[in-house]
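Morning, everyone. Please have a look at the screen, and then I will go through the strands one pairing at a time.

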Amino acid sequence: MYLTIRGVVLRVSDYNDRDALLTLLTQKHGKLTVKARGLRRKNSPLTAVCQLLAFGEFTVFEYRGQYTINEAHVLNLFQGLRSDMDRLALASYFAQVAEVLSQEDYPTPELQSLLLNCLYALAELQLPFDQVKAVFELRAACLSGYAPDLVGCHVCGSLEPTRFDLSSGLLECAACRDTASGGLRMPVTPSMLEAMRFICFCDPKKIFSFRLGTQELSSLSSLTEGFLTTQLERSFPALDFFKSLRIREEKTEST
């Protein structure tokens, strides 16, 4: 039986001297592992569509529980990512997160749409890294069952909280520390909170339609990163690499 799917390549792994395994994020089938025969050979016709972060249409067939690509063609390579190491590293982080959050045979249309929108934003729209990163991290958390409670202080109900608990996903006032929670708190300004609410609840097509100053965007990115990695209880190599690139560039600019 042949199956035609549209997927984003989240990971490429060597299978043998000739073939490779792709991890795809699809809408109807969630995370899917497929074999790309001959991909490691020189001049393979699958090279373009089977590279990391490519979005393609794949026709696959199943044999003994293994899907194998019969043919495929490119829908979008996001070329703007491939000429900039920072953008590629950040996009690779998004792919690693998507792989962790997705499941085999579980539809993930919203997660795939979010990933594609963020890849396009990085490659074509040239939006600030911190804005795209914050959008992906917080919205991906919401889609995967880790939505924070952003109504107000969870202790007194104040609509002007000043801190966010990364472990519980709850807001607090400065005077309302919940002693039962030992989680790390990060400061949140009214503008940051408004942006967080927008990211969580807005129409996906308008998800980048908010503005913050450079410093608040940086603080928001740190907060969403801390929240997501705390909820998932893990780190991501591509994120570490992205941050190392940014630190190196900042040092170069300061000299």
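What follows is a short walk along the strands and their partners.

One thing to keep in mind: this is a predicted model.

Let me start with strand β1, residues 2-14. β1 has antiparallel partners in β2, through seven bridges, and in strand β4, residues 55-63, also through seven bridges. For β4, you can find the pairing at G7, which sits opposite G56. For β2, look at R11, whose bridge partner is T23. β1 and β2 also make a hairpin, with five residues between the two strands.

Now on to β2, which covers residues 20-26. Besides β1, β2 pairs with β3, again antiparallel, and here six bridges join the two. On the screen, find L25 and look across to K31 in β3, which stands opposite. These two strands form a hairpin as well, with four residues between them. Within that hairpin, G30 has a positive phi near 65 degrees.

That brings us to β3, residues 31-36. Is this strand mostly covered or mostly open? Mostly covered: five of its six residues are buried.

Which strand pairs with β3 in the parallel sense? That is β5, residues 66-76, and the pairing runs over two bridges. One place to see the contact is K35, whose bridge partner in β5 is T68.

So much for the pairings. To recap the end of the tour, β3 is antiparallel to β2 and parallel to β5. That is what I have for today.

Note on methods: Residues are numbered from 1 along each chain as its sequence is written. This is a predicted model: local features need pLDDT of at least 70, side-chain atom pairs count only at pLDDT 80 or more; totals for chains, interfaces and linings use all residues. Side-chain values use heavy atoms; hydrogens and water are left out. Buried means under 20% relative accessible area, exposed over 50%, partly exposed in between (1.4 Å probe, protein chains only). Two strands pair if DSSP finds at least two bridges between them.
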